[in-house]
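Got your viewer open and your mouse ready? Load the model below, and we'll walk through it stop by stop.

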Amino acid sequence: MNIQNIEELLGARYIDSYASGHMGSRVLRFQRGTDNSKLVVKFAPIDNVGAISDIEANIRGYAEIQALGGSRLVPPELKEIPVANGRALVMRDLGPSMRTVNGGLDACILLWRHFEQT
């Protein structure tokens, strides 16, 4: 993966990174020049089977959510982008993971229980 290539592809500049994903992906942050919106790129190296499987699960999961009518739950501008030596997803930067803010795991469990009741 080449950050300069991603910058050109997105029309954005690299600004920093989030902590790596739990499956070994890198999570890079960019800011687009035309509208200053922030984007994240989740990159999985081709030699990391777990990270590649995680990217594939993200793609499949979001497609299934959309097919079920949950398009509002899919991050804006989500798409796979071509990168060397791996796979990458780009989407709007939605901020830190729910896992680490606003109650952490407890908030995730509460949200899940809400969905179970509907």
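Accessible areas here come from the Shrake-Rupley method with a 1.4 Å probe, and for residues only the protein chains shown count as cover. With that in hand, show the whole surface: the protein chain exposes about 7800 Å², and carbon and sulfur atoms supply 53% of it.

Some small print before we zoom in. This is a predicted model, in which local features need pLDDT of at least 70 and side-chain atom pairs count only at pLDDT 80 or more, while totals for chains, interfaces and linings use all residues. Residues are numbered from 1 along each chain as its sequence is written, and side-chain values use heavy atoms, leaving out hydrogens and water.

**Stop 1: the cartoon.** Switch to ribbons and you'll find three helices and five strands. Helices (H or I, at least four residues) and strands (E, at least two) are DSSP runs, numbered from the N terminus. Trace the chain along its sequence and the pattern reads α-β-β-β-α-β-β-α.

**Stop 2: the sheet.** Select the five strands: they form an open, antiparallel sheet in the order 1-2-3-5-4. At the edges sit strand 1 (12-18) and strand 4 (79-81), each pairing on one side only. Two strands count as paired if DSSP finds at least two bridges between them. Now pick residues 26-32 and 38-45: these are strand 2 and strand 3, an antiparallel pair with six bridges. Which residue of strand 3 does Arg 29 stand opposite? Click across and you'll land on Val 40.

**Stop 3: helices across the sheet.** Add residues 3-10, which are helix 1; this helix lies across strand 1, strand 2, strand 3, strand 4 and strand 5 (86-92), at about 45° to strand 2. Next add helix 2 (residues 49-67), lying across strand 3, strand 4 and strand 5 and running at about 130° to strand 3. For these angles, axes are lines fitted to C-alpha atoms, for helices over the stretch in contact (heavy atoms within 4.5 Å), and the angles run from 0 to 180 degrees between N-to-C directions.

**Stop 4: a residue on helix 3.** Click Phe 115, which is in helix 3. Is Phe 115 buried, exposed or partly exposed? Phe 115 counts as partly exposed because its relative accessibility is 42%; buried means under 20% relative accessible area, exposed over 50%, and partly exposed in between (1.4 Å probe, protein chains only). Zoom out to the whole chain again: buried residues make up 30% of its 118 residues.
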